[in-house]
Amino acid sequence: MWFRGIAVVCMLIGSNATSWADGDREAGRDVFAYSAACIACHAIGCTRDQAPKLGGIIGRRAGTDPDYDAYSDAMKSSDVVWTEETLDAYIADPAAFIPGNGMASATGKLEDETQRRNLIAFLKEPDNSVDLCF
Ligand code: HEC
């Protein structure tokens, strides 16, 4: 009987893993700034030469930051709209999700699911406290 209990608990934990509301936004800021170092190229509140800005990324169509003029054709023609799910897939494996995109060779895969979930929680409600705008 407890066997079945464990199965149910595992299912609950499993379904939790896809609930974006569970991401830790503060931890996600650290992923953005330190562990995954997205700020090496991206900022939230300004567009840098290195990469498009990520403020307001949720709900935005890929390749449409008006101040960034170095998008790849792959990104511009990808037809992707950034949601929690598409961001997760892209960050997990940029080259596989949008083959030929310009971030593929510069950045590795962020394989840690918890880090991705936290990062996405931050990107849903970002602030520019760690921005490097130059
Ligand atoms: C070495 C520089 C660099 C790093 C580090 C980097 N990116 Fe990028 N990113 C880029 C470039 C360049 C593009 C544009 C790619 C293209 O046009 O094909 C991009 C594009 C994106 C886009 C699509 C933006 C849009 O306007 O459609 C998202 C989302 C994104 N990056 C998220 C991240 C996240 C999250 C991290 C950290 C895990 C990260 N990037 C780390 C350089 C970088």
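# Close-up views of a six-helix chain

**View 1. The whole chain, a predicted model with six helices.** Of the 134 residues of the chain, 23% count as buried, where a residue is buried if 20 or more other C-beta atoms lie within 10 Å of its own, exposed if 12 or fewer, and partly exposed in between, with the C-beta atoms placed from the backbone. This is a predicted model, in which local features need pLDDT of at least 70 and side-chain atom pairs count only at pLDDT 80 or more, while totals for chains, interfaces and linings use all residues. Residues are numbered from 1 along each chain as its sequence is written. The chain has six helices and zero strands, and along the sequence the pattern reads α-α-α-α-α-α; helices (H or I, at least four residues) and strands (E, at least two) are DSSP runs, numbered from the N terminus. Among the contacts with a separation of 6 or more, 59% join residues 24 or more positions apart, and two residues are in contact if their C-beta atoms, placed from the backbone, lie within 7 Å.

**View 2. The residues that surround the ligand.** The ligand is surrounded by 29 residues, of which the closest are Cys38, Cys41, Ser72, Gly102 and Ala106; a residue is near a molecule or strand if its C-beta atom, placed from the backbone, lies within 6 Å of it. Helices α3 (73-76) and α4 (84-92) each supply at least two residues of this shell, and the largest share, three residues, comes from α4. By class, the shell has 21 nonpolar, seven polar and one charged residues, where Ala, Val, Leu, Ile, Met, Phe, Trp, Tyr, Cys and Pro count as nonpolar, Asp, Glu, Lys and Arg as charged, and the others, Gly among them, as polar.

**View 3. The largest nonpolar core, with 16 residues.** A nonpolar core is a set of buried Ala, Val, Leu, Ile, Met, Phe, Trp, Tyr and Cys residues joined through C-beta atoms within 7 Å. In the largest one, Phe32, Ala36, Leu87, Leu119, Ile120, Phe122 and Leu123 touch the most other members. Helices α2 (25-35), α4 and α6 (113-124) each supply at least two residues of this core, and its largest share, five residues, comes from α6. Leucine 123 touches Leu54, Ile57, Ile58 and Leu87, when residues up to four places away in sequence are not counted.

**View 4. Helix α6 and the helices it packs against.** The buried residues of α6 are Arg116, Arg117, Asn118, Leu119, Ile120, Ala121, Phe122 and Leu123, and they pack against α2 and α4. The expected span of a helix is 1.5 Å times one less than its number of residues, so the twelve residues of α6 should span 16 Å, which agrees with the 16 Å between its end C-alpha atoms.

**View 5. Helix α2 and the residue just after it.** The buried residues of α2 are Gly28, Arg29, Val31 and Phe32. Seen down the axis of α2, these residues fall within an arc of 155°, so they line one face of the helix; the arc is that of the directions from the helix axis to the C-beta atoms. The buried residues of α2 pack against α6, whereas Glu26 and Tyr34, on the other side of α2, are exposed. Just after α2, alanine 37 takes a positive phi of about 50°, although alanine 37 is not a glycine. Most residues other than glycine have a negative phi. Alanine 37 lies in the loop between α2 and α3 and counts as exposed, because it has 12 C-beta neighbours inside 10 Å.

**View 6. Helix α4, with its buried residues and exposed glutamate 85.** The buried residues of α4 are Leu87, Tyr90 and Ile91. Seen down the axis of α4, they fall within an arc of 95°, so they line one face of the helix. These buried residues pack against α5 (94-97) and α6. Glutamate 85, also found in helix α4, counts as exposed because it has 11 C-beta neighbours inside 10 Å. The C-alpha atoms of glutamate 85 and isoleucine 120, 35 residues apart along the chain, are separated by 9.4 Å.

**View 7. Alanine 51, a buried residue in a loop.** Alanine 51 is found in the loop between α2 and α3, and it is buried because 21 other C-beta atoms lie within 10 Å. Alanine 51 touches Cys41 and His42, not counting residues up to four places away in sequence.
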